Amino acid sequence: RGCLASDCAASHPPGRASLCQHNEACWNARCVHAHPKSRKVCRFGKACVNVHCFGNHPPERKHCCPSLLECDDIGCPLLHPPQWASRRCSAGAACEDFACKGLHPKGRPPVCPFGASCLDPDCSRLHPPDR
């Protein structure tokens, strides 16, 4: 089969595999071209959901959310750590708990910035129960 390391210093006979155009960034585990030994290919490919995976992935794989656990967009289509899903409020958009720190979908009324001090009787935002 021959040496496929693009950074190999040994001399090689003619016919050796050509260098991969993606070099170390190549994500294709079946690529027949030569690569540096430092190349890391994720065995799960585009199905990888590990936000801490340092392997190379195909471009179709979801990207990691830069906010990770701090992301407060329940509809965020990016990858998050597994603990992120447990931050979702079980009541969803129907949640009326002023103090709820869970993640809520769009459609839930926002929390009133005035809280218990709100003087607007028609305010449609969420308030503490003692208002």
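**Exercise 1. Work out whether Lys106 is buried or exposed, then find its salt-bridge partner.**

*Solution.* Start with the surface. Lys106 has a relative accessible area of 73%. The cut-off for exposed is over 50%, so Lys106 counts as exposed. Keep in mind as you go that this is a predicted model.

Next, look for the partner. Lys106 forms a salt bridge with Asp73, and their closest N and O atoms lie 3.7 Å apart. That passes the test, because a salt bridge needs the side-chain nitrogen within 4 Å of a carboxyl oxygen.

Now place the two residues along the chain. Lys106 sits in the segment after helix 1 and Asp73 in the segment before helix 1, so the pair links distant parts of the chain, 33 residues apart.

Finally, check the partner's surroundings. Asp73 has 31% relative accessibility and counts as partly exposed. How many salt bridges does the structure hold? The count is 1.

**Exercise 2. Describe the surroundings of His127, beginning with its place in the chain.**

*Solution.* First, locate the residue: His127 belongs to the segment after helix 1, the helix that spans 82–85.

Second, is His127 buried or exposed? Its relative accessible area is 13%; since buried means under 20%, His127 is buried.

Third, follow the polar partners of the side chain. The His127 side chain reaches the backbone oxygen of Arg125 at 2.9 Å. With the side chain of Arg131, the side chain of His127 makes a polar contact at 3.0 Å.

Fourth, list the neighbours from further along the sequence. Leaving aside residues up to four places away, His127 touches Phe98, Cys112, Gly115 and Cys118.

**Exercise 3. Compare the radius of gyration of the protein with that of a compact globule of 131 residues.**

*Solution.* Begin with the reference: a compact globule of 131 residues would have a radius of gyration near 14 Å. The protein has 25 Å instead.

Then turn to the box. Along the principal axes, the C-alpha atoms fill roughly 85 × 20 × 20 Å.

Add the secondary structure: the protein has 1 helix and 0 strands.

Now look at the contacts. Of those between residues at least 6 apart in sequence, 22% join residues at least 24 apart.

To finish, consider burial and surface. Buried residues account for 29% of the 131 residues. The accessible surface is about 9500 Å², and 55% of it belongs to carbon and sulfur atoms.

Notes
Residues numbered from 1 in each chain as written. Predicted model: local features only at pLDDT ≥ 70, side-chain atom pairs only at ≥ 80, totals over all residues. Heavy atoms only, no water. Helix = DSSP H or I, 4+ residues; strand = E, 2+ residues; numbered from the N terminus. Buried < 20%, exposed > 50% of the residue type's maximum accessible area, 1.4 Å probe, protein only. Polar contact = N/O pair within 3.5 Å; in protein donor to acceptor, adjacent residues only side chain to side chain. Contact = heavy atoms within 4.5 Å. Rg over C-alpha atoms; globule rule 2.2 N^0.38 Å. Areas by Shrake-Rupley, 256 points an atom, 1.4 Å probe, with all protein chains shown as cover.
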